[in-house]
Amino acid sequence: MNSTSENKLQKNSAVAALTQRNAAAIREIQLTEYQPIVYAIPKEQREMEQQLLEDAAAFQPTLYKQIDTLATRDELTQFGNRQNRYLTLAVERMQEANEKLLETVCQTVSQDGKAREAFISSCTSVLEQARQRIEDTIAGMRRKILWLMVGTSLGAVALSVLACAVFWKLAA
């Protein structure tokens, strides 16, 4: 495979040789005296052809300079290969970053789930303790009310007996 500098040297020498041949051909055409041609060409058409050839010969160096700046097939292939490597590397880096981000998000979601589970468990525990205290308080109040009812009933019975005894002694 030729290196870039060898390709340019070959291209430059070929361009230079072609430019010299074209310039020599134009000079020869201009210096050659008119010789009869089998087919007659109108003077205007011949002058237009001459002008066209001169314009083409004058433009050739500019064209060759422009072509010379264009990349060769090998240079384009190397550039494409570099771009492919760069893109592949960029895609790999982006993929790694996305995987790390996904892992971080999964860990955060897992931690959030654990935190919610702990919070719900804590709330459930607190609510269970509060429910148990309320049930204990209700049970205590029931006992007090029962004792109060029993006491009131016994007091009412005792007072009834006492009132009956008082009315009986008064009636007797």
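## A tour of the helices

Start by selecting Ile145: with a relative accessibility of 46%, this residue counts as partly exposed, because partly exposed covers the range between under 20% for buried and over 50% for exposed. Ile145 sits in helix H3. Now add Glu103 to the selection and draw a C-alpha to C-alpha distance: the two residues lie 62 Å apart in space, with their positions 42 residues apart in sequence.

Before going further, colour by confidence, since this is a predicted model. The protein chain has an average pLDDT of 85, and 90% of its residues score at least 70. Which element has the highest mean pLDDT? Helix H3 (residues 73–171) does, at 92, while helix H1 (residues 4–31) has the lowest mean of the chain's elements, 74.

Next, select residues 43–69, which form helix H2. Its 27 residues reach 39 Å from first C-alpha to last, close to the 39 Å expected at 1.5 Å a residue. Zoom in on Gln60, where H2 has a kink of about 35°; the proline Pro61 comes shortly after. Keep Gln60 on screen and show side chains for Gln50 and Tyr64 too: these three are the buried residues of H2.

Finally, look at two cysteines. Are they buried or exposed? Cys106 is partly exposed, with a relative accessible area of 46%, and Cys123 also counts as partly exposed, at 31% relative accessibility. If you search for disulfides, you will find that the structure holds 0 of them.

Note on methods: Residues are numbered from 1 along each chain as its sequence is written. This is a predicted model: local features need pLDDT of at least 70, side-chain atom pairs count only at pLDDT 80 or more; totals for chains, interfaces and linings use all residues. Side-chain values use heavy atoms; hydrogens and water are left out. Helices (H or I, at least four residues) and strands (E, at least two) are DSSP runs, numbered from the N terminus. The expected span of a helix is 1.5 Å times one less than its number of residues. The bend at a residue is the angle between axes fitted to the seven residues ending there and the seven starting there. Buried means under 20% relative accessible area, exposed over 50%, partly exposed in between (1.4 Å probe, protein chains only). pLDDT is the predictor's confidence in each residue, from 0 to 100. A disulfide is a pair of cysteine sulfur atoms within 2.5 Å.
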